[in-house]
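Thank you all for coming; I would like to walk through one protein model this afternoon, going slowly enough that anyone new to structures can follow along. Please have a look at the picture first, and then we will take it piece by piece.

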Amino acid sequence: MAIPNKEADGYTIQESEGFTSVTLVQPRLDAVIANRLKSELIILSGLGQRNIVLDLARCTYCDSSGLSVLLVGNRLCRNAGGVFVLRNLAPQVERLINISHLDSVLAIAYSEEQAQNLLNR
């Protein structure tokens, strides 16, 4: 399945074997992008994508609407029998996830290899 490039929307999507990678290409995961990204995750799930890796290497800020995106992605993948993995968290974003106690709910990887291991569980 060909997935169109969404860089103008603030993220890119790439299909890989066994998972879809979504990369945020802007530094903020906030209300400006949250609804678009949440809709994209719902569409990907509806297309049968059970495993999604969200790469946040460029993201240095996340607000409550961004956290909502992460929880929606996690729920969609889990309900489909898959895994939602966050990869390459900046310290500021990781701190917010820890303070929110979402680190016990979300799968977090610090490298491609760790993400692959989480997907293969």
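I will begin with a single residue, Ala-34, which counts as buried because its relative accessibility is 2%, under the 20% limit that we use for that word. Please keep in mind throughout that this is a predicted model, and that every value I quote was computed from it. Ala-34 is found in helix H1, which covers residues 31–46. If we leave aside its neighbours within four places in sequence, Ala-34 is in contact with Ser-65, Gly-66 and Val-69. You can also compare Ala-34 with Asp-63, since the two are 29 residues apart in sequence, while their C-alpha atoms are 9.5 Å apart in space.

From that one buried residue we can move to the interior. In soluble globular proteins, nonpolar side chains tend to be buried together. In this model the largest nonpolar core has 29 residues, and those with the most contacts inside it are Leu-29, Leu-37, Leu-56, Leu-70, Leu-86 and Ile-97. Which elements give two or more residues to this core? They are strand E1 (11–16), strand E2, helix H1, strand E4, helix H2 (64–79), strand E6 and helix H3. Of these, H2 gives the most, with six residues.

There is also a second, separate core of eight residues, which includes Val-85, Ala-109, Leu-118 and Leu-119. To see one residue of the larger core in more detail, take Leu-86, which, not counting residues up to four places away in sequence, touches Leu-54, Leu-56, Leu-70, Ile-97, Leu-106, Ala-107, Ile-108 and Ala-109.

Next, please turn to helix H4, residues 112–119, whose buried residues are Ala-115, Leu-118 and Leu-119. Seen down the axis of H4, these buried residues fall within an arc of 100 degrees, so they line one face of the helix. What do the buried residues of H4 pack against? They pack against strand E2 (19–24), strand E4 (52–55), strand E6 and strand E7.

Now we come to the charged side chains, where the count comes to three salt bridges. One of them joins Asp-30 and Arg-28, whose side chains meet at 2.8 Å, N to O. Asp-30 is buried, with a relative accessible area of 8%, whereas Arg-28, at 39% relative accessibility, counts as partly exposed.

Another salt bridge is formed by Asp-55 with Arg-87, the closest N and O atoms being 3.1 Å apart. Asp-55 lies in strand E4 and Arg-87 in strand E6, so this pair ties together parts that are 32 residues apart in sequence. Are these two residues buried or exposed? Asp-55 counts as buried, at 9% relative accessibility, and Arg-87 is buried too, with a relative accessible area of 7%.

Arg-87 also takes part in a salt bridge with Glu-112, where the side chains meet at 2.7 Å, N to O. Because Arg-87 lies in strand E6 and Glu-112 in helix H4, this pair ties together parts that are 25 residues apart in sequence. Glu-112 counts as partly exposed, at 43% relative accessibility. Putting these pieces together, Asp-55, Arg-87 and Glu-112 are linked in a network of salt bridges. The wider surroundings of Arg-87, leaving aside its neighbours within four places in sequence, include contacts with Ser-21, Val-53, Leu-54, Ala-109 and Ala-115.

Finally, I would like to point out two places in the backbone. Most residues other than glycine have a negative phi. Asn-88, however, has a phi near 60 degrees, which is a positive value in a residue other than glycine. Asn-88 is found in the loop between strand E6 (84–87) and helix H3 (91–99), and at 25% relative accessibility it counts as partly exposed.

His-101 likewise has a positive phi, near 60 degrees, and is a residue other than glycine. Where is His-101 found? His-101 is in the loop between H3 and strand E7, which covers residues 107–109, and it is exposed, with a relative accessible area of 58%.

That is the tour I had planned, and I am happy to go back to any part of it.

Methods: Residues are numbered from 1 along each chain as its sequence is written. This is a predicted model: local features need pLDDT of at least 70, side-chain atom pairs count only at pLDDT 80 or more; totals for chains, interfaces and linings use all residues. Side-chain values use heavy atoms; hydrogens and water are left out. Helices (H or I, at least four residues) and strands (E, at least two) are DSSP runs, numbered from the N terminus. Buried means under 20% relative accessible area, exposed over 50%, partly exposed in between (1.4 Å probe, protein chains only). Contact means heavy atoms within 4.5 Å. The arc is that of the directions from the helix axis to the C-beta atoms. A nonpolar core is a set of buried Ala, Val, Leu, Ile, Met, Phe, Trp, Tyr and Cys residues joined through side-chain atoms within 4.5 Å. A salt bridge is a side-chain nitrogen of Lys or Arg within 4 Å of a carboxyl oxygen of Asp or Glu.
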